[in-house]
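Student: I would like to go through this chain with you, one question at a time. Please give the reasoning before each result.

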Amino acid sequence: MNGIAVVCRRVVHIYRVEGNDVVALSGVDLDIAPGSTVALVGPSGSGKSTLIALLGGLMRPSAGRVQVGLVDLGKAADAELARMRGTDIGVVLQGAARNLLPHATLAANMWLAQRRAAKVRPADVEPFERILGLVGLGGFGEATVGELPPGAQQRAALAVGMAASPGLLLVDEPTSRLDRSARDEVLDALDTVNRERGTTIVVVTHDPEVGARLGRAITIRDGRVGAEGRDGQEFAVVAGDGTVQLPPAMLENYPPGTLLAVESVDGQVVMVSATHEPVGDGTP
Ligand SMILES: Nc1ncnc2c1ncn2[C@@H]1O[C@H](COP(=O)(O)OP(=O)(O)OP(=O)(O)O)[C@@H](O)[C@H]1O
C-alpha cells in the first residue's frame, strides 16, 4: 500500500484521572506528507506517546481532528478504527518484546499479524519472507524470537508492524537501549521500508541523531508543536491559532508577560522586545 497522509488540526487530548484532568495535548497542528519520515522528539511527558496513540487510532482525541488518509479517526465508527489498525496503520510499541510472542518463530509472529489484512484485502498482503528481507532478517523465518539479539528483535517488531503492508507505520522508541551498530541497523531497516514501500513513517524518539537521520524532527513541548528541525536547521512553527513558541533557552531573557512588537519587514518576521513597567496588582 502507498504511503498515507496524516493531518492534525487543533488536537487536544485530556486524560481523566480520579476526577482530575491531565491535559496531554493542547492544540497540535501537524501535516505529514504521504511517504515521508518524521521524528517526534521532546522532553518526557510532553505528549509524544499520546500523539502517536491518537495517530494509531488507539484512542480518540478529546477535541480537534486527527485524519489518516481520508478517515477522521475521531469520528470513525469502532469497526472502522479496528479495520484501520489491522490494515492501513502499523503500530510498533515501545520495547520490541511487547510486539512479539517470544517463544514463537518469526514466521508465526508474522502470520498472526497478517491475519486480519489477509481477510480484508488479501491482494495487498506480501509473503512474510519478503517483509523480513526488508528489515534484514531474510531467511530467519524459523528462528525463535527469544534467540535473537536485541537489535534483531527490534527489527522483527518492525517487520510485524509492516506485516499487513500498512501505508502508515508508527514506531515508539525503536532504538532505546541498543548499541550503536544495532541502532544503525534499525535505522537502515526504517530507511529501506520507506524507500522500497513508500510507507509514511512516524517515530517517537529521545535520540536527536535519529531525528536528524529521518530529516524532519518535530519537537512536542507542553502538548503542542514547539519547533521543527529540517535537515539540521531549527524552526519555530506557527500554530493554527497563530501562536509561536520561543526556544526554551530564550525564555530566561523573555519571561511570561514580555511585550514583543511583531512586524513584517521585507517578508521577514521581526520581533522586538519592549521594556515596560510591571502592571502590579493594584495595591498601593
Ligand atoms: N494513561 C494516562 N493517564 C493519565 N495521564 C497520562 C496517561 N498517559 C500519559 N499521561 C500524562 O499525559 C502527559 C503526556 O504524556 P505522554 O506519555 O504522552 O508524554 P511523552 O512525551 O510520550 O513522555 P515520555 O517521553 O516520558 O514517554 C503527561 O503529563 C503524562 O503524565
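Student: How do the residues of the shell around the ligand divide into nonpolar, polar and charged?
Tutor: This is a predicted model. The shell includes Tyr15, Val17, Val22 and Ala24, and also Gly42, Ser44 and Lys48. Glycine is counted as polar here. The division is four nonpolar, seven polar and one charged.

Student: Which element gives the largest share of the shell around the ligand?
Tutor: The residues around the ligand include Lys48, Ser49 and Thr50. Elements that give two or more residues to the shell are β1 (6-17), β2 (20-32) and α1 (48-55). The largest share is three residues, and it comes from α1.

Student: In what order do the four strands of the open sheet stand?
Tutor: β1 is joined to β2 by 10 bridges and to β4 by five. Two bridges then join β4 (residues 63-68) to β5. The pairing is antiparallel, and the order is β2-β1-β4-β5.

Student: Why is one side of β2 and of β5 left without a neighbour in the sheet?
Tutor: Strands of a sheet pair through backbone hydrogen bonds. β2 and β5 (71-72) each have a single partner strand, so one side of each has no neighbour in the sheet. The reason is their position, at the edges.

Student: Which residue stands opposite Arg9 in β4?
Tutor: β1 and β4 run antiparallel and are joined by five bridges. Opposite Arg9 in β4 stands Arg65.

Student: Which residue takes a positive phi in the hairpin of β1 and β2?
Tutor: β1 and β2 run antiparallel, and His13 stands opposite Leu25 in β2. The hairpin has two residues between the strands. The positive phi, near 45 degrees, belongs to Glu18.

Student: How far apart are the end C-alpha atoms of helix α3, against the span it should have?
Tutor: Helix α3 covers residues 106-120, which is 15 residues. The expected span takes 1.5 Å times one less than the number of residues. That gives 21 Å, which agrees with the end C-alpha separation of 22 Å.

Student: Where is the kink in α3 centred?
Tutor: The buried residues of α3 are Leu106, Asn109, Met110, Ala113, Gln114 and Ala117. The kink is about 45 degrees, and its centre is one of these buried residues, Gln114.

Student: What covers the buried residues of α3?
Tutor: Leu106 and Met110 are among the residues of α3 that are buried. The elements that cover the buried residues include α2 (78-86), α4 (128-134) and α5 (150-161).

Student: Which residue in the turn between β9 and β10 has a positive phi?
Tutor: Six bridges join β9 (residues 216-221) to β10 (residues 224-230), which run antiparallel. Ile218 stands opposite Glu228 in β10. The hairpin has two residues between its strands, and the one with a positive phi of about 50 degrees is Asp222.

Student: What is the bridge partner of Gly229 in β11?
Tutor: β10 pairs with β11 (residues 233-235) in the antiparallel sense over three bridges. In their hairpin, Asp231 takes a positive phi near 45 degrees. The partner of Gly229 is Glu234.

Student: What percentage of contacts between residues at least 6 apart in sequence join residues at least 24 apart?
Tutor: The chain has seven helices and 13 strands, and 38% of its 284 residues count as buried. Among contacts between residues at least 6 apart, the share that joins residues at least 24 apart is 66%.

Key: Residues are numbered from 1 along each chain as its sequence is written. This is a predicted model: local features need pLDDT of at least 70, side-chain atom pairs count only at pLDDT 80 or more; totals for chains, interfaces and linings use all residues. A residue is near a molecule or strand if its C-beta atom, placed from the backbone, lies within 6 Å of it. The bend at a residue is the angle between axes fitted to the seven residues ending there and the seven starting there. A residue is buried if 20 or more other C-beta atoms lie within 10 Å of its own, exposed if 12 or fewer, and partly exposed in between; C-beta atoms are placed from the backbone. Two residues are in contact if their C-beta atoms, placed from the backbone, lie within 7 Å. Two strands pair if DSSP finds at least two bridges between them.
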